[in-house]
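Thanks for coming. I will go through one structure this morning, and I will keep to a few places in it.

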Amino acid sequence: MERYPMGSFDVIVVGAGHAGCEAALAPARMGLKTAMFSITLEAIAMMPCNPSIGGTGKGHLVREIDALGGEMGVNADKTFLQSRMLNTAKGPAVHSLRVQADKSRYHEEMKRTLERQANLEIKQAEVVDLLVEDGAVTGIVTRTGGVYTAKAVIIATGTFLRGRIFIGEAAYTGGPNGMAASVELSDSLKRLGIPLRRFKTGTPARIDRKSLDFDKMIVQHGDDHVVPMSFMNDIDFAENKVDCWLTYTNETTHEIIRNNFHRSGLYTGEIVGVGPRYCPSIETKIDRFPDRSRHQLFIEPEGENTDEMYIQGMSSSLPEDVQTAFYRSIPGLENAVIMRPAYAIEYDCIDSLDLNATLESKIIRGLYFAGQTNGSSGYEEAAAQGLMAGINAALKIQGRDPLILDRSEAYIGVLIDDLVTKGTNEPYRMMTSRAEYRLILRQDNAADRLTQKAYDIGLASRERYERYLEVREATEAEIKRLRSTKVSADVLNPWLESIGSAPVSEGTYLADLLKRAEVTYDNLAQVDPERLEIPYHSRTQVHVKLKYEGYLNKQELQIERFKRMEDRKLPEDLDYDSLEGLRIEAREKLSRFRPVSVGQASRISGINPADINVLLIYLEKMRHSRSNKDTENE
C-alpha cells in the first residue's frame, strides 16, 4: 500500500484508554503539539470492566494523578454515582476512596475534555506500524497508509494488541467490549526487536436490572458524606445517586461451575495468557479455594440511564448456557437476564524490564509504553503510567530533566519501580502492601507531596497551585494553633468522660489530646470554641499529622536512609563483568537492567546484600580515585 505524509507532531499517543488519555493530555498541557490515535473514538476512556474508579491502593494512585495535574480524579467527580471510603476501620495509611462512576458519562466527559484541550488532535485510525531510524522512533503509519512523524511515540494500547475473546468453546480475534483488535502493530513491535508475551483478563456478565430481586440482597449505601477524588473539590460536593447490593454464590453455583470446567478455555488449554492473581475468574476461585462455601458478589449499576448491572467478582470464560445457569443459582438473580455475557480476553504485552524508569524503551529511543501494554492491570495503574510517560516524553523533547518519582514519594513511584526493576509475571495490581512508606504516602496528602513538582514542570494549573498553597497554609496554621492552645482540666474532664477517655490532671494542649485514640479532630471541636472553619483537605491532614506524629517521624528517618541508597548513583557505562566479587547471576542481571542507583540495584530479583556491598566498595574506590586526582591537580 502506498504511504503518504499526513502531518507532524511532537508527541503521538497510540491508544485512547485511561493510559492514553493521560498520556495525551500531559504533553498538550505542557505546550507540545500532540496527537492521540484510537481504532474507534468510542474507546476513549472506555470502562470495559468495572464501572468504578479507585479502591484499595488504587485510590491513592488517583489522588496522585490528580495532584500531578492529571484528569482521572476530576472526571470521576464529574460522573460519580456513589462514593465509599474503604478500610476506615484501619489506619489512615490504607484508607482508600472508591467511587462508582457512570460508564457512558465517564467516556463522554473525558472525550469532551480531550476535544477542548489546546495542542491536542484526536484521530480515529488504526496504527499498524512504527517508523524507526538509527535506533530512534520517528513516527507511525495508519492502516490507510497515512504517515505521521513525531519526536516521541507512546504506546498505550491496553488489551487491544492481538486481542482474542473467549466465551466457552468460542474463541475469536477481538478487542474489549466487542471492538476490533490491533494485530499488525504487534507484528511491527516484534520486527523492531521488542519481545511480546501473552496476558489474560476478563469481565463478568451484565444483567438486566429489571430481572433482579433486590429484596434478596443486602443493600450497600454510599457514605453519609461524599468525599471527592479531586483536590479541586471539597467534601459533600455532590450527593450519592445510586445504591449497590451484595449477594453470595452457594454450593449449587459452585457445582454448576465445577461440572463445566471442561468447557472453559482456562482448563482446556485454549487460553495460554497469564491471568490476574488478585482478580481471578469465578471458575479459578472455585478451583483454587475448594473449601469456600460461598464468594461475595457486588451488584453495581453501570449508569443512571441504563438497566445494565455489573456483577463484580464473577468474571468468567464459560459458555453462555453455563453462565445463565450459575447466575440464576444466586439469591436475587434467579430470573437474571444476561444482556452481555462474561468473557475472557487474551492480549500481547511487553516485558516491563525493557523500560527505563521514565517508561521509555531501552531498545528504541523516544518510544514509551504505558498501561496494560506494560503488564499491569486496572484503570488507575494505566492512567498513572500514561501520565508519567506523557510527562517524560514532553520533558525529553524540551531538553529538561525527567520526572522520576521514587518509592518514598508516591505510589506511582512504587508502581513504576516495581515494573521496571522487579518486572511482573502476571497482570500487576497496586496494593497498599507494596509501599514500604505507606504512612507517608497517604491519599490525603497527595497534593502536599506532588503538586509543587507538577507546577514546576508546567502541568499543574495556576488555580490548582494556589488552592494547594491555601490548603497547606491552613494546615500549618491550624497545627500551630493546636500546639499552642491549652484547655483547663475543668473544661476537658467532663468531655473526656463522655467519650470514654481518661481524665487529665492539669490543663492540656489540644495537639496532645488529639494523640488519644478516642479523640478526633472533628469531636475535639466541642472543647475548642475558637476554631475557625478550614478546608476539608486541611482537616484530614491536621488530624493525621498530629495523631500519628511519632510514627511519621520514624518513617521519615527510614526514608532518609532509603534516599542515601538512591543517591548513590551507578555509572551508565559500568562494566559489571569487571567487578571482582560479583556473582555470575548478579553480573548478568545488573548488565541487563542497568540500574541507575545502588538502591534500585538492591531491588532487582536475585541481587543479594553481598552484591550490593561489592557495588558500594566500587563506588568508594571511585570516590577516592577522583579525590586523589583532584589533589594532584592542585
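**Aromatic pairs, two histidines and a hairpin**

Phe37 and Tyr148 are both buried. Keep in mind throughout that this is a predicted model.

Let me stay with those two residues. How far apart are the ring centres of Phe37 and Tyr148? The distance is 4.9 Å, and the ring planes stand at 70°, so the pair counts as edge-to-face. In sequence the two are 111 residues apart, and the pair links distant parts of the chain. Phe37 belongs to strand β2, residues 34–38, and Tyr148 belongs to strand β9, residues 146–155.

A second pair is made by Phe80 and Phe237. Here the ring centres are 5.6 Å apart and the planes are at 45°, so this pair is tilted. Phe80 is in strand β4, residues 80–86, while Phe237 is in the loop between β14 (218–220) and β15 (244–248), so the pair ties together parts 157 residues apart in sequence. Are the two partners buried or partly exposed? Phe80 has a relative accessible area of 2% and is buried. Phe237, at 26% relative accessibility, counts as partly exposed.

Those are two examples; the structure holds nine aromatic pairs. Phe37 and Tyr148 also come together with Phe9 in one aromatic cluster. Phe9 has a charge over its ring: the charged end of Lys33 sits there, 5.0 Å from the ring centre. Another such case is Tyr248, where the charged end of Arg294 sits over the ring, 3.6 Å from its centre.

Tyr248 takes us to the first histidine, His295, since Tyr248 is one of the residues in contact with it. Where is His295 placed? It is in the loop between α8 (282–288) and β16 (296–301). At 4% relative accessibility, His295 counts as buried. Leaving aside neighbours within four places in sequence, its contacts are Thr247, Tyr248, Thr249, His254, Lys285, Ile286 and Phe289. Take Thr247 from that list: it is 48 residues from His295 in sequence, and the C-alpha to C-alpha distance is 8.6 Å.

The second histidine is His537, in helix α16, which covers residues 536–547. His537 also counts as buried, because its relative accessibility is 4% and the cut-off for buried is under 20%. Which residues does His537 touch, not counting those up to four places away in sequence? They are Pro228, Ser230, Phe231, Asn233, Arg467 and Val471. With Phe231 there is something further to point out: its backbone oxygen lies 3.4 Å from a polar atom of the His537 side chain.

Next, the hairpin. Strand β10, residues 164–167, and strand β11, residues 170–173, run antiparallel and are joined by four bridges. Ile167 stands opposite Ala170, which is in β11. How many residues lie between the strands of this hairpin? There are two, and Gly168 takes a positive phi near 60°.

Last, the overall division of the chain. Domain 1 runs over 4–452, domain 2 over 474–558 and domain 3 over 568–633. Taken over C-alpha atoms, the centres of domain 2 and domain 3 are separated by 48 Å.

That is where I will stop.

Definitions and conventions: Residues are numbered from 1 along each chain as its sequence is written. This is a predicted model: local features need pLDDT of at least 70, side-chain atom pairs count only at pLDDT 80 or more; totals for chains, interfaces and linings use all residues. Side-chain values use heavy atoms; hydrogens and water are left out. Buried means under 20% relative accessible area, exposed over 50%, partly exposed in between (1.4 Å probe, protein chains only). A polar contact is a pair of N or O atoms within 3.5 Å; within protein, one must be able to donate a hydrogen and the other to accept it, and residues adjacent in sequence count only if both atoms are side-chain atoms. Contact means heavy atoms within 4.5 Å. Rings of Phe, Tyr and Trp (its six-membered ring) pair if their centres lie within 6.5 Å; planes under 30 degrees apart count as stacked, over 60 as edge-to-face and the rest as tilted. A charge sits over a ring if NZ of Lys or CZ of Arg is within 6 Å of the ring centre and within 35 degrees of the ring normal. Two strands pair if DSSP finds at least two bridges between them. Domain bounds come from an automatic or database domain assignment.
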